[in-house]
Amino acid sequence: MSGLPDVEGLRLLVLVGELGSLGKAATELGIAQPSASKRVATLERRLGLALIDRTRRGSSLTADGQVVAARAQRVLDELAALMTSVEAQRGKLRATLRVAASMTVAEYLAPPWISELCRAHPDLHVGLHVTNSEHVRELLRGGEAEIGFIESPHVPRGLTSKTVSTDRLVVVVAPAHPWARRRRPLTAQELAATPLVVRERGSGTRVALECALRRAGAVESRPLLELGSATAVRGAVIAGTGPAVISELAVRTDIADGRLVPVGVEGMELRRSLRAVWPAGRSLVGPAADLLVVAARHR
């Protein structure tokens, strides 16, 4: 054999056996008879067998042709089953999208992205798993989400990423805190030496703060309080528990309304990228790809 037979050649052979005519088989497939003859000749050459007897009364399969056609029919049936299964799977992908997002992205950015996506795909069901950036990676690796969004400074190994937005961390205190009346910015060393209200380990905000302090040559002191969400951190600062470094997205309204006071810091880069992530070596398809387009457009 000089090569594998093509599927359309096998389909043509089966039809010749069923209809008793190469011309009728060609018509059934919507191709010209000369093209059908060429396709049969190619199939015979690849298999090294004479498959069809051509006479004035029509075409019939040779003994070898009958054997090949019978096996070809089984191949075509299996191929049809495969395509039915693939189409069903595509239907599931079109109908359901599982998203994992860090808390900052999930609370302040993802809702309008998902709303726009659902307007374009009214039958789509989106499941949003809200967690910290570290756990987003695990959900993607375990196949529990098709796309994720993180706020960590570094992309975890095994994931592909695309920046979809930027965010700035701000130091905030309650109006009664001494820093609220401070006239000059904090230094990185002063911030690092002060016990802060912080997010739990694994949070993108916590990791971003730790990286920013290290780049500034400062060593973080022991936290004053660890909490599991930006909302909880924000509430603790408003209550006067202590200062915090938190996403500007989470406290923009509180600062505008005077519930929190921002404090400047010199010598530290507190801007960070927010990224879409998905398993390396895999292309985003269907609603996951559409969501990435929507998120990047809102950048």
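Is Val-86 buried, exposed or partly exposed, and what is its relative accessibility? In this predicted model, Val-86 counts as partly exposed, because its relative accessibility is 30%, and partly exposed covers the range between the 20% and 50% limits. The residue sits in helix H4, which runs through residues 63-95. Together with Leu-82 and Met-83, Val-86 makes up a nonpolar patch on the surface. The accessible area of these three residues together is about 240 Å².

Helix H1 offers a view of the start of the chain. H1 spans residues 7-19, 13 residues in total. From its first C-alpha to its last, the helix reaches 18 Å, close to the expected 18 Å at 1.5 Å a residue. The N-terminal end of H1 is capped by Asp-6, which places a side-chain oxygen 3.2 Å from the backbone nitrogen of Glu-8. At the other end, H1 is followed by Gly-20, a residue with a positive phi near 70°. Within the helix, the buried residues are Gly-9, Leu-10, Leu-12, Leu-13, Val-14, Leu-15 and Val-16.

Attention turns next to the aromatic side chains. The structure holds one aromatic pair. This pair is formed by Trp-113 and Phe-149, and it counts as tilted because the ring planes stand at 50°, with the ring centres 5.0 Å apart. Trp-113 belongs to helix H6 (residues 110-120) and Phe-149 to strand S5 (residues 147-150), so the contact ties together parts of the chain that are 36 residues apart in sequence. Both partners can also be placed by their accessibility. Trp-113 counts as buried because its relative accessibility is 3%, and Phe-149 is buried too, with a relative accessible area of 1%.

Charged side chains supply a further set of contacts. A search of the whole structure finds 17 salt bridges. One of them joins Asp-167 to Arg-272, with the closest N and O atoms 2.9 Å apart. The two residues come from distant parts of the chain, Asp-167 from strand S6 (residues 159-173) and Arg-272 from strand S13 (residues 271-279), with their positions 105 residues apart in sequence. Asp-167 has a relative accessible area of 3% and is therefore buried. Arg-272, at 6% relative accessibility, likewise counts as buried.

A salt bridge within a single helix is seen in H9 (residues 204-215), where Arg-206 and Glu-210 lie four residues apart, about one turn of the helix. The side chains of Arg-206 and Glu-210 meet at 3.2 Å, N to O. Arg-206 is buried, with a relative accessible area of 3%, and Glu-210 counts as buried at 14% relative accessibility.

Arg-234 and Asp-254 provide another example, their side chains meeting in a salt bridge at 2.4 Å, N to O. Here Arg-234 lies in helix H10 (residues 230-238) and Asp-254 in helix H11 (residues 248-257), so this pair ties together parts 20 residues apart in sequence. The partners fall into separate accessibility classes: Arg-234 is partly exposed, with a relative accessible area of 25%, whereas Asp-254 counts as buried at 2% relative accessibility. Returning to the bridge in H9, Arg-206 and Glu-210 also belong to one network with Arg-201 and Glu-226, joined by salt bridges that share partners.

Conventions
Residues numbered from 1 in each chain as written. Predicted model: local features only at pLDDT ≥ 70, side-chain atom pairs only at ≥ 80, totals over all residues. Heavy atoms only, no water. Expected span 1.5 Å × (residues − 1). Buried < 20%, exposed > 50% of the residue type's maximum accessible area, 1.4 Å probe, protein only. Polar contact = N/O pair within 3.5 Å; in protein donor to acceptor, adjacent residues only side chain to side chain. Patch = residues over 30% accessible without salt bridge, like charges linked within 9 Å, V, L, I, M, F, W, Y side chains within 5 Å. Areas by Shrake-Rupley, 256 points an atom, 1.4 Å probe, with all protein chains shown as cover. Salt bridge = Lys/Arg side-chain N within 4 Å of Asp/Glu carboxyl O. Phe/Tyr/Trp six-rings, centres within 6.5 Å; stacked < 30°, edge-to-face > 60°.
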